[in-house]
Amino acid sequence: MSFKQKIMSNLQSNGFPAKRVSLPLETLYEKADEVGENLNSILDELKSEGIDHQKTGDKIIFHSTLYDMGLGPDALKQAQDMMNQMDPEQLKQMQEKVMNMTPEERLSMMEQARKMGLL
């Protein structure tokens with residue numbers, strides 16, 4: 001299991017995405033270093049997948065950007081299923097496009113998806 005998968009497993013076992021989950025910041029950096037991975041790169045990957053974070057003095061708080069926009073578990077699963085059907089290049093292009101959107105553009109896109117019955 002990769003370090004990213006371990007983080008995801010830990011988040012999910014603590015109620016993510018319905019809850020915000022905090023983990024010890026220094027420990028995450030140390031554990032990532034022990035396995036030869038870069039925590040900041042992993043955090044960037046997670047962010048591109050809709051899992052954002054905030055660093056405080058001694059912890060990092062993870063939250064789901066989709067859940068924060070009012071999309072529940074069914075919508076999250078449906079979005080994940082759709083992403084799993086994309087080829088890697090399509091997924092990368094979509095992630096880059098979404099990452100470059102303003103928060104208002106993201107909300108507008110989600111509202112359009114709701115109106116179309118996608119979410």
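**Entry 1: strand 1 and strand 3**

I looked up the pairing of strand 1 (residues 21-24) with strand 3 and found four bridges between them, with the two strands running antiparallel. I note that the model is a predicted one. As an example of the register I recorded Leu23, whose bridge partner in strand 3 is Ile60.

**Entry 2: strand 2 and strand 3**

I then turned to strand 2 (residues 51-55), which is joined to strand 3 by five bridges, again in an antiparallel arrangement. Here I wrote down two positions: Asp52 has His63 as its bridge partner in strand 3, and Gln54 stands opposite Ile61 of that strand. I also checked the connection and found that strand 2 and strand 3 form a hairpin, with three residues between them.

**Entry 3: the sheet**

In what order do the three strands stand in the sheet? I read the order as 1-3-2, in an open sheet with antiparallel pairing. Strand 1 and strand 2 are at the edges and have a single partner strand each, so one side of each lacks a neighbour in the sheet. I noted the twist as well: on average, and with direction ignored, neighbouring strands of this sheet are turned by 30 degrees against each other.

**Entry 4: helices on the sheet**

I next asked what packs on these strands. Helix 3 (residues 39-48) packs on the sheet and touches strand 2 and strand 3. The direction of helix 3 makes about 135 degrees with that of strand 2. Helix 1 lies across strand 1, strand 2 and strand 3, and I recorded its angle to strand 1 as about 130 degrees.

**Entry 5: cover of strand 3**

Is strand 3 mostly covered or mostly open? I found that strand 3, residues 59-64, is mostly covered, as five of its six residues are buried.

**Entry 6: the second largest pocket**

I finally looked up the second largest pocket, which holds about 480 Å³ of space. I found 17 residues in its lining, and those nearest the centre are Met8, Glu49, Ile51, Gln80 and Met83.

Which helices supply at least two residues each to this lining? I listed helix 1 (3-13), helix 5 (73-84) and helix 6 (88-99). The largest share comes from helix 5, with five residues.

I closed the entry with the make-up of the lining by class: eight residues are nonpolar, six are polar and three are charged.

Key. Residues are numbered from 1 along each chain as its sequence is written. This is a predicted model: local features need pLDDT of at least 70, side-chain atom pairs count only at pLDDT 80 or more; totals for chains, interfaces and linings use all residues. Side-chain values use heavy atoms; hydrogens and water are left out. On a 1 Å grid over the protein atoms alone, a cavity is a set of points where a 1.4 Å probe fits but cannot get out, and a pocket is an open set with protein on both sides within 12 Å along at least five of seven lines; lining residues have an atom within 4 Å of a point. Grid points are joined across faces, edges and corners, and a volume is the space filled by probe spheres set on the points. Ala, Val, Leu, Ile, Met, Phe, Trp, Tyr, Cys and Pro count as nonpolar, Asp, Glu, Lys and Arg as charged, and the others, Gly among them, as polar. Buried means under 20% relative accessible area, exposed over 50%, partly exposed in between (1.4 Å probe, protein chains only). Two strands pair if DSSP finds at least two bridges between them. Axes are lines fitted to C-alpha atoms, for helices over the stretch in contact, and angles run from 0 to 180 degrees between N-to-C directions. Contact means heavy atoms within 4.5 Å.
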